[in-house]
Amino acid sequence: MSVEPVLQVRDIVKVYGGVRALGGVSLSLAPGEVHCLAGENGSGKSTLIKVICGVERPDSGEIVVGGGEPLTHTTPSEAIRAGIQVIYQDFSLFPNLTAAENIAYLSELAARHKLSSRRRIRAAAEAVVADLGLRIDLDADVADLSVADRQLIAICRALVGEARVLIMDEPTTALTSAEVQRLFTIVERLQERGVAIMFVSHKLDEVLQISQHVTVLRNGLVVESGPAAEYTGQRIAKAMIGRDVSQERHVDPVEPDADVLLAVDGLGRDGAFSDVSFELRRGEILGITGLLGSGRAEIAEAIFGVHPAEEGTIAVGGRPATISSITEAMKAGIGYVPEDRLTQGLFLENPIAENIVAASLDSYRGKGRLLDRRRIADSISALFEQLRIKAPNPQAPVRSLSGGNAQRVVIAKWLDRNPTVLLLNGPTVGVDVGSKEEIFTILRRLAAHGTGIIVISDDIPELVASCHRVLIVRAGRLVAELVGDEIEVAEIQQRMAG
Ligand SMILES: Nc1ncnc2c1ncn2[C@@H]1O[C@H](COP(=O)(O)OP(=O)(O)OP(=O)(O)O)[C@@H](O)[C@H]1O
Ligand SMILES: [Mg+2]
């Protein structure tokens, strides 16, 4: 055990305006080790990563890279030169550059050639894409690519340079299971080359497949650290949250003659999906699942008017609704929590409170159309409590929230509008296991109070735990409807794959 660590973090403290994000964290990474960093939303994982790669300066503590001198902090360029590469939770790509430029531009700059060369950038990008066995349109603007492709580009970018330490903050959230397995193959290959990998994920069983070591953070402190072989997903979850987490099936009964809140009939859009018909009743939680690219997200986007359907009809609360825009969908009483919350759901620089009430300001106008500030403040504190949003205060910008807490803000925003039907696309992506359970408890409560809930998700265990019915989409069509006891993980997986 005398292998010299490639990275040592010693007693790092980081406080943001009174909020203690890290309270003295130490850990080390051996060459070729995959180190799982787990912890609930807001426990300090991303902050630790930012300190390691020099984006944030710690209040105290040291970092040792390789056998070098202890540093009180590194700068981002020192970190990169020392071989530390990071893939951030939000990828941090440049939307107006092409895929190839995103992959290779920074390393081209770092290499300090006199002239940066388009051809060299392109060749470097091609090499890493080929090395990883990926297929990406290198000439596409990143803004036009899917979330999954953007994630792959972020991975490629990190691997262009000679990485000794690769840190990945929730890299698999938007990947299909096939893409995850491919990523894991890449991880193994890097391990063989001696690269140390720090992996942050809320998919605990998944990350255990590849980890040798586990460190669990809670409230900015290391609460457990040990060999991965001693851990199960359940045990990590318990260390994170401090209690057992259950994913047992729990659905409240639905009245057989309950009102139909949403009726979709013969919905179709060329090239995306066709002949989609279903109903949603009061009190019901309906799951829609399918592989990435099956059309599951497109169906939701049509119902919310993002990309309207070309065929078929939609009725909300018994009334026919023409939905050719988001505004019309909202007027009809539909709410939508999008998949890509960081770009579609939130204004990151604005206060949390503003984000929550942005879509429902009109309901707070009293006499003379004046905003009732008191009532706004009351709703916001009620939603903070209901969703257990962890933030310094409601006036802080959304940018200061941890990923999982930002997701709660998107949900809060729609709850505040009190929609007839609420569609949620991947509502627990990036949300820790304990909070997942809480979010579904909230959805159950909403359903019981009369909101129709549709959850689009590829987290099958959570659908099994909470849905009354599950619809399965394959190649743009509904291929199965499972009810009650038929809703099982293996059954769903089989029907998804066809
Ligand atoms: N720039 C900032 N300003 C103020 N507070 C911040 C800032 N960045 C992070 N925090 C706070 O520090 C704490 C830790 O956040 P961090 O992003 O490290 O959590 P995390 O473990 O990555 O969570 P998640 O799983 O939700 O991504 C949170 O309470 C967060 O609100
Ligand atoms: Mg984070």
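Ligand 1 lies between domain 1 (7-241) and domain 2 (260-497), because both domains give residues to the shell around it. The model is a predicted one. In all, 22 residues surround ligand 1. The closest are Asn 41, Ser 46, Ser 402, Gly 403 and Gly 404. Three elements give two or more residues to this shell: β2 (19-29), α1 (45-52) and α14 (403-415). By class, the shell around ligand 1 holds 13 polar, six nonpolar and three charged residues.

Now step back to the two domains. Domain 1 covers residues 7-241, and domain 2 covers 260-497. Their centres, taken over C-alpha atoms, are 30 Å apart. The domains also touch each other: 20 residues of domain 1 are in contact with 19 residues of domain 2. On the domain 1 side, α5 (147-160) and α8 (233-241) are the elements that give two or more residues. The most come from α8, which gives three. This side of domain 1 has nine polar, eight nonpolar and three charged residues.

Next, the strands at the start of domain 2. Domain 2 begins at residue 260, and strand β10 spans residues 260-269. Strand β10 pairs with strand β11 (residues 273-281) in the antiparallel sense, over six bridges. One bridge joins Leu 267 to Val 276 in β11. The two strands form a hairpin, with three residues between them. Gly 271 sits in the turn and has a positive phi of about 80 degrees.

Strand β10 has another partner. It pairs with strand β13 (residues 311-316), again in the antiparallel sense, over five bridges. Here Val 264 stands opposite Ile 314 of β13. Strand β10 thus pairs with both β11 and β13.

Finally, turn to the start of the chain. Pro 5 lies in the segment before β1 (7-16). Is Pro 5 buried or exposed? Pro 5 has 18 other C-beta atoms within 10 Å, so it counts as partly exposed; being buried would take 20 or more. Leaving aside neighbours within four places in sequence, Pro 5 is in contact with Ser 28, Leu 29 and Ala 30. Strand β2 spans residues 19-29, and is one of the elements that give two or more residues to the shell around ligand 1. Pro 5 and Val 64 are 59 residues apart in sequence. In space, they are 8.9 Å apart, C-alpha to C-alpha.

Definitions and conventions:
Residues numbered from 1 in each chain as written. Chains lettered and ligands numbered in written order. Predicted model: local features only at pLDDT ≥ 70, side-chain atom pairs only at ≥ 80, totals over all residues. Pairing = 2+ DSSP bridges. Helix = DSSP H or I, 4+ residues; strand = E, 2+ residues; numbered from the N terminus. Domains from an automatic or database assignment. Contact = placed C-beta atoms within 7 Å. Nonpolar A, V, L, I, M, F, W, Y, C, P; charged D, E, K, R; others polar. Near = placed C-beta within 6 Å. Buried ≥ 20, exposed ≤ 12 C-beta atoms within 10 Å, placed from the backbone.
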